[in-house]
Amino acid sequence: LRKKLKLTDPPDQEFGLNVVQPSEFSLNTFINEPRPKLQLAPVTLTSPHFAGNPQNQHLPPVQPEQSPPLWRRVYQLELELCEALLQIPLPSDVAATYNPIEYAAELHLAYMQRFLTGHKPVLFLGMNPGPWGMCQTGVPFGYVPAVRDWMQLRGQVLKPIGELAVRPVTGLECTRGEQSGQRWWGLYQELCGAPENFFRNCFVFNICPLAFFHASGKNITPAELKVSFVTLEACF
């Protein structure tokens, strides 16, 4: 259309515009560029599923702000989801329910704050925490060496209420390996090198933040939970 009308773009100089040429992009500069870190103050979580020691209830906060970052908004939604899920009566074979986004909140929020810095084109969804992964680290598919050594995340991990002896929580000191997490994060460590290269466009998240266990320690997936629609309607 511009050709038919014989229109041309006038030089920017005619309008007194200073055109700034973009500098050459350097991946190394981008990766090593320092980023500001948010300082988090203590907050008290009152969930009945949280450990009873008052000293264990002081965790990084989710406080109202004029423009809260995305990771804080997502974490608030996670807390609300957990509160709703914990109201649902579970089958009798569920002996323990672990909520790592609370008892491992320091690590979970470190993961969210560092890597959920904005909207992501690609979102990978897991089902729910595994006993030797997110249940230990608060990170989806949270294979301990990947969380500790590759992502360089640190944080205190407390004890869940109703902890099973066959499914102990020891945080970053856990020596058991989550095979799915080892394969998952190992692949992207090999492909991407630094974690920032992966998380620039991708994020990993679990649909259900809770883990369910049989008395024997067997993992019970959300798909294996049988709850009637009548029960669900009574809870919401």
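On the surface of this predicted model, L123, L125 and I207 make up a nonpolar patch with about 310 Å² of accessible area together. One of the three, L125, sits in strand β4.

Strand β4, residues 122-126, also holds F124, and here the story turns to aromatic rings. Searching the whole structure turns up 18 aromatic pairs. Take F124 and F198: their ring centres are 6.2 Å apart and their planes meet at 15 degrees, so this pair counts as stacked. It ties together distant parts of the chain, since F198 belongs to helix α8 (residues 195-199), 74 residues away from F124. If you're wondering about the two numbers, a pair of aromatic rings is described by the distance of the centres and the angle of the planes.

The two partners don't share the same kind of setting: F124 is partly exposed at 25% relative accessibility, while F198 is buried at 2%. Both belong to a cluster linked by ring pairs, along with Y111, F115, F141, W150, W184, W185, Y188, F199 and F203.

Here's how some of the residues in this report compare:

| Residue | Element | Relative accessibility | State |
|---|---|---|---|
| F124 | strand β4 | 25% | partly exposed |
| F198 | helix α8 | 2% | buried |
| L109 | helix α4 | 1% | buried |
| N206 | strand β5 | 6% | buried |

Now for the inside. The largest nonpolar core has 40 residues, and those touching the most other members are Y111, M112, M151, L153, W185, F199 and F203. Elements giving two or more residues to this core are α2 (70-85), α4, α6 (144-150), α7 (179-192), α8 and β5. A separate core of ten residues lies apart from it, with A96, C135, V169 and A211 among them. As background, nonpolar side chains in soluble globular proteins tend to be buried together.

What does L153 touch, leaving aside its neighbours within four places in sequence? Its contacts are L107, A110, Y111, R114, F115, V139, V147, R148 and L172. Of these, Y111 and F115 also turn up in the aromatic cluster.

Helix α4 spans residues 105-115 and includes L109. Although L109 and G155 are 46 residues apart in sequence, their C-alpha atoms are 9.1 Å apart in space.

Lastly, N206 is in strand β5, residues 202-206. N206 is a buried residue, at 6% relative accessibility. Not counting residues up to four places away in sequence, N206 touches G126, M127, N128, P129, M134 and P140.

Definitions and conventions
Residues numbered from 1 in each chain as written. Predicted model: local features only at pLDDT ≥ 70, side-chain atom pairs only at ≥ 80, totals over all residues. Heavy atoms only, no water. Phe/Tyr/Trp six-rings, centres within 6.5 Å; stacked < 30°, edge-to-face > 60°. Helix = DSSP H or I, 4+ residues; strand = E, 2+ residues; numbered from the N terminus. Buried < 20%, exposed > 50% of the residue type's maximum accessible area, 1.4 Å probe, protein only. Patch = residues over 30% accessible without salt bridge, like charges linked within 9 Å, V, L, I, M, F, W, Y side chains within 5 Å. Areas by Shrake-Rupley, 256 points an atom, 1.4 Å probe, with all protein chains shown as cover. Salt bridge = Lys/Arg side-chain N within 4 Å of Asp/Glu carboxyl O. Contact = heavy atoms within 4.5 Å. Core = buried A, V, L, I, M, F, W, Y, C linked by side-chain atoms within 4.5 Å.
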